[in-house]
Amino acid sequence: MLRFMHLNRSKAIFLTLLILTIKCRTALAAIEFDEECPSLTNASSLQQSQLIQRLTHVCRYDRLERPIEYSETGERLPVKVKARIYIYYMQNLNSDLLQFKMQALLQLSFLDSRLAYQQYAPARKENILGQKHLSERLWLPHIFFANERESGILGTDEKDVLTSISPEGRIIISTRLQATLYCWMNFKKFPFDEQFCSTILESWMYNTTELVLEWEENSPISFNPDLRLTEYNMQRFWINETAVNSDGVNLRHGAFSGNYSSLSFTMNLNREIGFYLMDYFLPSMMIVAISWVSFWLQADASPPRIMLGTSTMLSFITLSSSQSKTLPKVSYIKVSEVWFLGCTFFIFGSLVEFAFVNTIWRRKENIELKKVNSKYIIKSTLTPRPSRRQMGLNNQSRTRSCSSLDNIVSSSESVANGNTNQSFNNYLTVHNLPIITTQSVDDTSEHIINLDNKDSNGLNTGGENTTFTTMTPQEIAMWIDRRSQKMRLTSILNGQHFGNLAKVHGIVTYKLSPFEQRAFAGAIKNGLPNVFRRLRSNVFIVVPPFVVGYLIYNMVEARHHHLMRKNPAEFANDE
């Protein structure tokens, strides 16, 4: 009996000790819980770092989970992240690598009600500011540049990331970054081209059911007022909001599939042509003009004409190759290449023309012509006919020769006057020609020689119609050189065709004698009054068309700029 009572007493003591142990552990767990989840009752008196530590404590905040909001019907809503970009600096487009570089401030804003401290600290009205160490304690949306080549944060991580938390829980993350972005370019109109380069932001982890990107309503894109581009001029830009699809085939977002929110802004850049005008177009025109100097040299001057042709060709090829090094090798034809082919054609044409006239100059036989005009000279030069049969000895003939194509002088009269210079062999000879009617080859009309033995009434005056015309190879070569000059702009400016198409009254013409030593004689006394008189008489004829044309051009440009702008209402429902 005593032994039984002793056992019951031992059990009672054991149970009592067990109950006390459980109570102690419960009390200690409560104390540890209070220490692990600090209270926010006195949040107004806490320091900023202490308030952040308590708001982001693991018992209240999970930085791996996005902010969750519910609608009135209990539906889970996506997080709306608003973006804004301020561009500090933008480099010229790299045409060879199809990319451009920019330095910008990217600002993301979203609402996280878990960090709202207005109800815990109503006296605290200012925002909580911090740098990277504050952003590391928060949940942040993962945004990336979809068309980036490389990117990074400017400066140091601590100084170039700014974090702000408002009393309502609005979080603003501002990051200064540098990015090299891809831009597809079209060079068909180079160097008069315009490019459209976009900057694309996309959500990486969350699709549109979890996160939606939106542009800020006020000034979503802004630029540094001192931003300048040396080669391009930015005409306009526009923004867009859309959704990008990712599936098993298009692994745009890794192994995840769905629609991902995307933001983009596109800049329209026009190339400035001043550099190419001064360094490419004007030098190429001067090189082509230099190649035309060979037309003023004699046809047998082979060394200078060959030197001019080859040196201008090599110089122009070097100039063009230096411009094409900065462009990618594309399969289509650019405007600059059309210009290159045109200039090459003119330079190569001058070389071919020299080879042609030099070949003719070295011929020894005269060329027989039916008429002295372009058709028969070229035809007889390319396919020379054999010599005609000599005329009978009983047939008396009269011979006239000329030392140029502009004047015809009788050889018999020249000998009668004592001019017996037989060394000059550039002559034009016509046999058995009773009546000769000729015009200068410099005129626009054809140079025609009447070979018929008829008078003006069409009656036969006797004789045989067996006359023909011959030209020396040297005369034909000089004639081709003159025609080549007229095909060039320089010969038009120096010749008498352009500007003399019609007679204009009231224009004073000054001619300089070959023996005049005062080249500017009368330039001030007669020239200046003539200039003022002509300006005064034509000002109301010339100025009004220019003014009206400028007003029409300005109106059309303004209308075109208005029509090229996109309507924001058309993209309001894009996702």
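**Chat notes on a predicted model**

User: Asp 112, buried or exposed?
Analyst: Asp 112 counts as buried, at 0% relative accessibility. Keep in mind that this is a predicted model.

User: What forms a salt bridge with Asp 112?
Analyst: Arg 114 does. The closest N and O atoms of that pair are 3.1 Å apart. Arg 114 itself is partly exposed, with a relative accessible area of 25%. So a buried Asp 112 is paired with a partly exposed Arg 114.

User: How many salt bridges does the count come to?
Analyst: Eight. Side chains of opposite charge can pair when their charged atoms come close.

User: Give me another one. What about Glu 126?
Analyst: Glu 126 forms a salt bridge with Arg 124. Here the closest N and O atoms are 4.0 Å apart. The cut-off is 4 Å, so the pair is counted.

User: Is Arg 124 buried or exposed there?
Analyst: Arg 124 is buried, at a relative accessible area of 12%. Glu 126 counts as partly exposed, at 48%.

User: And what does Asp 193 form a salt bridge with?
Analyst: With Arg 271. The closest N and O atoms of this pair are 2.6 Å apart.

User: Where do Asp 193 and Arg 271 lie?
Analyst: Asp 193 is in the loop between strand S9 (170-182) and strand S10 (194-203). Arg 271 is in strand S14. The pair therefore ties together parts that are 78 residues apart in sequence.

User: Are those two buried or exposed?
Analyst: Asp 193 and Arg 271 are both buried.

User: Which residues do salt bridges with shared partners join into one network?
Analyst: Asp 193, Glu 231 and Arg 271.

User: Switching to sheets. What is the order of the open sheet of four strands?
Analyst: The order is S6-S10-S14-S13, with antiparallel pairing. S6 (143-145) and S13 (232-246) are the edge strands, and each pairs on one side only. From one strand to the next, the twist averages 20°.

User: Over how many bridges do S13 and S14 pair?
Analyst: Over 14, in the antiparallel sense. S14 covers residues 258-271. As one register point, Phe 237 stands opposite Met 267 in S14.

User: Where is Ser 257 placed?
Analyst: In the loop between S13 and S14. Ser 257 is partly exposed, with a relative accessible area of 49%.

User: What is Ser 257 in contact with, beyond its neighbours within four places in sequence?
Analyst: Asn 207, Ser 246 and Asp 247. The C-alpha atoms of Ser 257 and Asp 247 are separated by 4.5 Å, though the two residues are ten apart along the chain.

User: What about S3, in what sense does it pair with S4?
Analyst: Antiparallel, over eight bridges. S3 is residues 79-90 and S4 is residues 99-111. Lys 82 stands opposite Ser 109 in S4.

User: In what sense do S3 and S11 pair?
Analyst: Parallel, over five bridges. S11 is residues 211-215. In S11, Lys 82 has Glu 214 as its bridge partner. S3 also runs parallel to S12 (residues 221-223), joined by three bridges. There, Ile 87 stands opposite Phe 223.

User: How many bridges join S4 to S9?
Analyst: 13, and the two strands run antiparallel. Phe 100 has Leu 181 in S9 as its bridge partner.

User: Zooming out, how many helices and strands are in the protein chain?
Analyst: Eleven helices and 19 strands. The chain has 575 residues, and 32% of them count as buried. Among contacts between residues at least 6 apart in sequence, 74% join residues at least 24 apart. The accessible surface comes to about 37,400 Å². Carbon and sulfur atoms account for 58% of that surface.

User: What pLDDT does the chain average?
Analyst: 75, with 70% of the residues scoring at least 70.

User: Where does pLDDT stay under 50?
Analyst: Residues 28-34 are one such stretch, and the model has zero contacts for them beyond four places in sequence. Another is residues 489-499, with 13 such contacts. Where pLDDT is low, the predicted coordinates should not be read in detail.

Terms used: Residues are numbered from 1 along each chain as its sequence is written. This is a predicted model: local features need pLDDT of at least 70, side-chain atom pairs count only at pLDDT 80 or more; totals for chains, interfaces and linings use all residues. Side-chain values use heavy atoms; hydrogens and water are left out. Two strands pair if DSSP finds at least two bridges between them. Axes are lines fitted to C-alpha atoms, for helices over the stretch in contact, and angles run from 0 to 180 degrees between N-to-C directions. A salt bridge is a side-chain nitrogen of Lys or Arg within 4 Å of a carboxyl oxygen of Asp or Glu. Buried means under 20% relative accessible area, exposed over 50%, partly exposed in between (1.4 Å probe, protein chains only). Contact means heavy atoms within 4.5 Å. Accessible areas come from the Shrake-Rupley method with a 1.4 Å probe; for residues, only the protein chains shown count as cover. pLDDT is the predictor's confidence in each residue, from 0 to 100.
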